[in-house]
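User: Please take a close look at one helix in this model, and set it in the context of its chain and of the other chain. Keep the account plain, with the numbers where they help.

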Amino acid sequence: MSAMNKFRFEKREKQSALRTLIITAVSVLLALVCCGILIFSVGSKPLKVYETMLTQVFLSPTGIKNMLRSSLPLMFCGLGVALTFKMNLNNIGAEGQYAAGVIAGGAFVLFGPDIEGVPGMIITALCCFLGGAIWALICAIPKAYWGVNESITTLMMNYIALMILAYLCLGPWKMPRQNTGMTERIPRSMDIPEIMIGDIQISVGVFIGIIVAALIYCAYKYTTGGYQLTVISKSPKSAQYAGISIKKNILMVMSLSGGLAGLAGFMQYAGVAHRIVENMPNNAGYTAIVIAYLSRLNPFTVVVVSILFGGLQNSTAYVQSLGVPSQIATMMQGVIMIFVIAGDFFQRYRLVIAKEGKA
Amino acid sequence: MNLIVAILSGAVVYAVSVLYAGIGETFTERSGVMNLGVEGIMLMGAMSGCVTAFHTRNLALAMLIVILTGAVLGLIFAFLTVTLQSDQTVCGMAMLILGTGLSGFLGEDIASKPINLKFTKIPLPVLSEIPIIGDILFNQNLLVYIMYLLLPLATFYIYKTRWGLKLRALGENPAVLDAAGENVFAMRYGYIVFGTTMMAISGAFVSLAQTNVWQEGMTAGKGWIAFALVAFSSWNPATLALGALLFGFISNLGSNLQIYLPGVPTEIFSAMPYVATIVVLIISTGNFRKKHTAEPAALAKAYDRESR
């Protein structure tokens with residue numbers, strides 16, 4: 001064993017934000033190298049692919065505009081998922097909650113009273129929020145009262161919501177004389193506006209996302225409810241002794257998280273796609289898991305990482321012409337997540353090289 | 001009568017498609033490690049099997065590659081959870097996303113193309129002649145027959161052998177085994193790799209026996225159903241098989257009744273297994289009646305010698 005003891009790992013006493021940043025950056029870089037090897041293995045040139053991504057998607061005005069648009073659903077799903085992860089609840093049902101939100105919002109737009117403009121927008125957003133929240137509550141109630149594993153139930157609800165959405169888009173809600181599953185366009189007065197800053201067009205949704213992130217941050221920092229959540233996540237036992245209702249908080253956090261995923265649906269509906277399509281969530285709910293983890297559950301970081309991931313998602317279309325399979329974005333997300341998890345080890349531990357004989 | 005035979009033999013096929021993964025997860029969880037990434041690993045198995053079969057026209061080689069794929073993914077997962085002691089839930093989700101993305105990425109070439117090479121039905125001599133039962137149980141493919149042997153073996157291993165006893169201890173209290181001089185880390189590595197290999201075979205069953213094509217995300221939640229069934233079965237392979245059959249029955253009931261009930265949207269039938277999972281999970285794992293569960297006490301907890 002003496003040879004083993006020359007190198008050993010010691011638990012770090014303190015965490016530093018700078019170290020977190022450096023370790024994460026190094027992990028992501030290594031992940032990109034690994035993705036490069038995979039891209040090479042399917043017969044494409046990785047450097048060319050990365051270059052195209054960088055110039056076309058992340059650095060051009062059109063690229064940035066589209067990146068910000070694509071980031072909207074990811075941002076809201078990510079904020080919601082991060083909320084539940086913070087309480088050690090595994091809500092992996094953002095995908096379904098998103099779909100449920102879209103269904104609720106669509107029901108209002110297509111069949112509700114004719115309210116347009118900003119009031120209509122607000123009501124639609126509320127409907128989406130409620131749809132997502134109710135979908136999450138269906139899983140939150142068994143979790144809170146009977147301890148039923150929420151990761152399985154939330155995931156199963158994804159498939160159910162997506163099936164309902166597909167049924168509606170291909171059946172009763174389908175736009176007449178159309179072959180693909182989509183509904184009528186949302187009234188133009190209800191589009192989420194976009195403003196120009198310099199020569200870059202930015203959707204107002206991004207600012208709403210930042211405001212929501214700020215609200216979450218402040219709620220954690222300055223309110224009793226936020227403090228209770230912090231206690232529950234750090235130590236459920238002490239929370240119980242202190243008389244904090246874990247059940248109530250599970251219900252609250254899950255429905256908030258589901259509601260945010262529902263809002264993600266609203267953002268896509270009114271801000272990007274302008275209509276409901278068959279496979280609307282398009283894995284945003286799963287990407288949100290990676291985003292929440294990479295952001296260390298910090299709401300502001302979620303906003304930034306979602307924007308980057310929005311770009312990653314868009315780059316698919318640009319690099320496909322180089323012969324890269326369309327699943328490149330999801331593949332890269334998976335590899336990045338694995339490397340960042342591995343890198344986190346060095347946040348918790350440090351390498352100690354002991355002198356001969358001492359160990 | 002034909003309808004009943006169709007439903008029941010379909011139920012057997014469905015059951016086997018989740019049973020390989022279910023048995024794999026049972027052993028992994030018995031060893032105290034929770035692998036949430038079943039779905040992703042199944043997809044990798046389904047993809048690697050199809051790609052190999054498509055290019056080499058060799059089913060045996062395809063299965064070998066499937067097993068290797070499962071083992072490599074298992075080593076990655078074991079490295080993260082056992083060696084680096086990372087959070088098992090997070091790692092499981094990473095495996096889910098990696099498996100989904102990577103299988104789509106590497107399998108795009110052959111997506112939706114017919115493979116024309118699959119595990120065909122082999123009627124067993126004599127046994128398949130038995131009326132009804134013969135058709136349901138003994139007119140199946142090779143992987144189903146292997147499962148018939150594997151189930152009693154797995155049950156026997158867990159409950160009747162010395163190794164099984166150690167496995168159960170590993171999931172309940174790894175520190176005791178460590179003190180007794182057993183290598184806790186190596187054992188967990190072994191069971192994780194065994195588990196992911198079985199999950200990959202489950203995936204290959206879906207793409208090379210149940211259907212004969214690779215499609216992105218084709219396992220459609222089967223990995224999760226397997227994961228849920230493990231908790232439902234109280235970590236017992238025999239009960240797991242019953243649960244899987246029940247699910248197979250529910251799922252096949254829908255697809256077979258569809259023809260007789262044309263007015264009902266097909267989505268309702270497709271959604272039935274998912275609804276059933278939720279209901280069964282609430283009934284079987286909800287703590288409103290029993291306080292005592294068979295869940296391994298050390299499940300999802302990394303074993304750290306220093307904080308023992």
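Analyst: For the charge counts below, Lys and Arg are taken as positive and Asp and Glu as negative, while His and the chain ends are not counted. Each charge is placed at NZ of Lys, CZ of Arg, CG of Asp or CD of Glu. The model is a predicted one. By that count chain A has 27 positive and 14 negative charges, and their mean positions are 12 Å apart. In chain B there are 17 positive and 16 negative side chains, with 8 Å between the centres of the two sets.

The part chosen for the close look is helix α12 of chain A, but the chain around it comes first. Chain A contains 14 helices and four strands. Its radius of gyration is 22 Å, close to the 21 Å that the globule rule gives for 359 residues, so chain A is as compact as a globular protein of that length. Its C-alpha atoms fill a box of roughly 80 × 60 × 40 Å along the principal axes. Of the 359 residues, 53% are buried. Contacts that span much of the sequence are frequent in the count: among pairs at least 6 apart in chain A, 78% join residues at least 24 apart. The chain exposes about 16,200 Å², and carbon and sulfur atoms supply 66% of that area.

Helix α12(A) covers residues 284-294, and 11 of its 11 residues are buried. Buried here stands for a relative accessible area under 20%. The stretch includes the aromatic residues A:Tyr286 and A:Tyr293. The aliphatic residues A:Ile289, A:Val290, A:Ile291 and A:Leu294 are also among its buried positions. A:Gly285, A:Thr287 and the alanines A:Ala284, A:Ala288 and A:Ala292 are buried as well.

What do these buried residues pack against? Within chain A the partners are α4 (61-86), α5 (94-111), α7 (150-170), α13 (299-319) and α14 (328-348). Chain B contributes a partner too, its own α4 (88-107). After α12(A) comes A:Arg296, which has a positive phi near 50°.

Two of the partner helices, α4 and α5 of chain A, can be followed further. A:Leu83 sits in α4(A). This leucine is buried, with a relative accessible area of 7%. Beyond its neighbours within four places in sequence, A:Leu83 touches A:Ile216, A:Tyr220, A:Val253, A:Leu256, A:Ser257 and A:Leu260. One of these contacts bridges a long stretch of chain: A:Leu83 and A:Ser257 are 174 residues apart in sequence, yet their C-alpha atoms are 6.3 Å apart. In the loop from α4 to α5 of chain A lies A:Asn88. A:Asn88 is exposed, with a relative accessible area of 53%. Its phi is near 60°, a positive value in a residue that is not glycine.

The nonpolar packing gives a wider view. The largest nonpolar core has 206 residues, and A:Phe266, A:Ile328, A:Met331 and A:Met337 have the most contacts inside it. Leaving aside sequence neighbours within four places, A:Phe266 meets A:Met121, A:Thr124, A:Ala125, A:Cys128, A:Ile192 and A:Gly271.

Chain B, which supplies one of the packing partners of α12(A), has 12 helices and two strands. The radius of gyration of chain B is 19 Å, close to the 19 Å that the globule rule gives for 308 residues, so this chain too is as compact as a globular protein of its length. Its C-alpha atoms fill a box of roughly 60 × 50 × 40 Å along the principal axes. Buried residues account for 57% of the 308 in chain B. Of its contacts with a separation of 6 or more, 77% come from residues 24 or more positions apart. Chain B exposes about 12,400 Å², 68% of it from carbon and sulfur atoms.

Chain B also has a mostly covered helix to set beside α12(A): α10(B), residues 222-232, with nine of its 11 residues buried. Among them are B:Lys222, B:Trp224, B:Ile225, B:Phe227 and B:Leu229. Just after α10(B), B:Ser234 has a positive phi of about 55°. B:Trp235, in the loop between α10 and α11 (237-257) of chain B, has a positive phi near 60°. B:Trp235 is buried, with a relative accessible area of 5%.

Note on methods: Residues numbered from 1 in each chain as written. Chains lettered and ligands numbered in written order. Predicted model: local features only at pLDDT ≥ 70, side-chain atom pairs only at ≥ 80, totals over all residues. Heavy atoms only, no water. Core = buried A, V, L, I, M, F, W, Y, C linked by side-chain atoms within 4.5 Å. Buried < 20%, exposed > 50% of the residue type's maximum accessible area, 1.4 Å probe, protein only. Contact = heavy atoms within 4.5 Å. Rg over C-alpha atoms; globule rule 2.2 N^0.38 Å. Areas by Shrake-Rupley, 256 points an atom, 1.4 Å probe, with all protein chains shown as cover.
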